[in-house]
Amino acid sequence: MVGPPGAGKGTQAQILASELSIPKVSTGDIFRANVSGGTELGKKAKQYMDRGDLVPDEVTNAMVKDRLARGDAAAGFLLDGFPRNVAQAGTLRTMLADLDTGLDVVLELRVDEEEVVKRLSGRRSCPECGRVYHVEYDPPKVEGRCDNEGAELYQREDDREETIRHRLEVYREQTAPLVAFYEAEGLLATIAATGPVEEVTARAKAAIEEKT
Ligand code: AP5
Ligand code: ZN
């Protein structure tokens, strides 16, 4: 899944992975779990994440390689937030070839930058189950509490307006070239990521079906 910050990758990945019964591998979620757990990996990643920069490729690639080697990924997986530049895409290709598999489809979520800023400044996340809400567009039943287990929702460190603007720049410069890269490989499916979450999910499912 590829798209700018706030396009709804995490939201859609969670729904699609559960419907397809495959694990969602989100590099952002794995990094955040390591930051809150205070691990060595988390310490390395935090400074980059807080600024809205990419964590260095060697750190990210090694982490994804470990994750994909786990048994639950053998029957398929959904990648959210990886690869994030053309070098990572090259590494991913080698990793998957070693596992005797490959990508079926690359889903691009399109949304304009003003919408992204609105979405990210109202985002709230659950520290327990990872579910993502929006104070206006997708509020929890009880304000500030997760619907699943009642945990207190938090606002991400990198969801401040200046950091959001920087993440958008990083997306334009480093990640957006992947769209042409995967289009050339015939793997790209692009959908509009605006409108209700369920409508975006329906578009995503139709696009995936068409490609696979
Ligand atoms: P990561 O966690 O991947 O952040 P991101 O790409 O910036 O994406 P977001 O999580 O911000 O947005 P999203 O598209 O998932 O949107 P969401 O569904 O939450 O990465 C964070 C950091 O980790 C990076 O900056 C980097 O430092 C590091 N990192 C991660 N991967 C890396 C890699 N491969 N290499 C190097 N570094 C890496 O939705 C956003 C909001 O909108 C929510 O509030 C949601 O409720 C709302 N929303 C969703 N859909 C809709 C809709 N249809 N209508 C209205 N609101 C909606
Ligand atoms: Zn929760």
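Me: In this predicted model, how are the donor residues of the zinc ion (ligand 2) spaced in sequence?
Reply: The spacing follows from the places of the donor residues along the chain. Those residues are Cys126, Cys129, Cys146 and Glu149. Written as a pattern, the spacing is C-x2-C-x16-C-x2-E.

Me: Which atoms are the protein donors of the zinc ion (ligand 2), and how far from it do they lie?
Reply: Three cysteines, Cys126, Cys129 and Cys146, each give an SG atom. Glu149 is listed with OE twice. The donors lie from the zinc ion at 2.2 to 2.5 Å.

Me: Is Cys146 buried or exposed?
Reply: Buried means under 20% relative accessible area. Cys146 has a relative accessible area of 4%, so this zinc donor counts as buried.

Me: What is the accessibility class of Glu149?
Reply: Between the limits of 20% for buried and 50% for exposed, a residue counts as partly exposed. Glu149 has a relative accessible area of 39%, so its class is partly exposed.

Me: Where is Lys141, and how far in space is it from Ala180?
Reply: Lys141 sits in the loop between strand 5 (132–134) and helix 7. Lys141 is exposed, with a relative accessible area of 74%. Lys141 and Ala180 are 39 residues apart in sequence, and their C-alpha to C-alpha separation in space is 41 Å.

Me: Which backbone oxygen does the side chain of Thr175 reach?
Reply: Thr175 belongs to helix 7 (residues 161–175) and is buried, at a relative accessible area of 4%. Not counting residues up to four places away in sequence, Thr175 touches Val2, Arg84 and Val170. At 2.8 Å, the side chain of Thr175 reaches the backbone oxygen of Arg84.

Me: At what angle do helix 7 and helix 8 pack?
Reply: Two packed helices are described by the angle between their axes and the distance between the axes. The axes of helix 7 and helix 8 are 6 Å apart. On the helix 7 side the residues are Tyr171, Arg172, Glu173, Gln174 and Thr175, and they meet Pro177, Leu178 and Val179 of helix 8. The packing angle is about 35°.

Me: How many nonpolar residues has the contact of helix 7 with helix 8?
Reply: Sorted by class, this contact has two polar and two charged residues. The nonpolar residues number four.

Me: How is helix 5 oriented relative to helix 8?
Reply: The axes of helix 5 (residues 86–98) and helix 8 (residues 177–184) come within 9 Å and cross at roughly 40°. Angles under 35 degrees would count as roughly parallel, and 65 to 115 as roughly perpendicular. The crossing therefore makes helix 5, relative to helix 8, oblique.

Me: Which residues of helix 8 make the contact with helix 5?
Reply: Helix 5 contributes Val86, Ala89, Leu92 and Arg93. By class, the contact has seven nonpolar, no polar and one charged residues. From helix 8 come Pro177, Leu178, Phe181 and Tyr182.

Me: What is the omega of the peptide bond from Phe82 to Pro83?
Reply: Pro83 is placed in the loop between strand 2 (78–80) and helix 5. The bond from Phe82 to Pro83 is cis, with omega near -5°.

Me: What is the phi of Ser21?
Reply: Ser21 is in the loop between helix 1 (9–20) and strand 1 (24–26), and counts as exposed at 65% relative accessibility. Ser21 is not a glycine, although its phi is positive, at about 55°.

Me: What is the phi of Asp100?
Reply: The loop between helix 5 and strand 3 (106–110) holds Asp100. Asp100 is exposed, with a relative accessible area of 73%. Although Asp100 is not a glycine, it has a positive phi of about 65°.

How values were computed: Residues numbered from 1 in each chain as written. Chains lettered and ligands numbered in written order. Predicted model: local features only at pLDDT ≥ 70, side-chain atom pairs only at ≥ 80, totals over all residues. Heavy atoms only, no water. Axes fitted to C-alpha atoms, helices over the stretch in contact; angles between N-to-C directions. Helix = DSSP H or I, 4+ residues; strand = E, 2+ residues; numbered from the N terminus. Parallel < 35°, antiparallel > 145°, perpendicular 65-115°, else oblique. Contact = heavy atoms within 4.5 Å. Nonpolar A, V, L, I, M, F, W, Y, C, P; charged D, E, K, R; others polar. Buried < 20%, exposed > 50% of the residue type's maximum accessible area, 1.4 Å probe, protein only. Polar contact = N/O pair within 3.5 Å; in protein donor to acceptor, adjacent residues only side chain to side chain. Donors = N, O, S within 2.8 Å, 3.2 Å for Na, K, Ca; no water.
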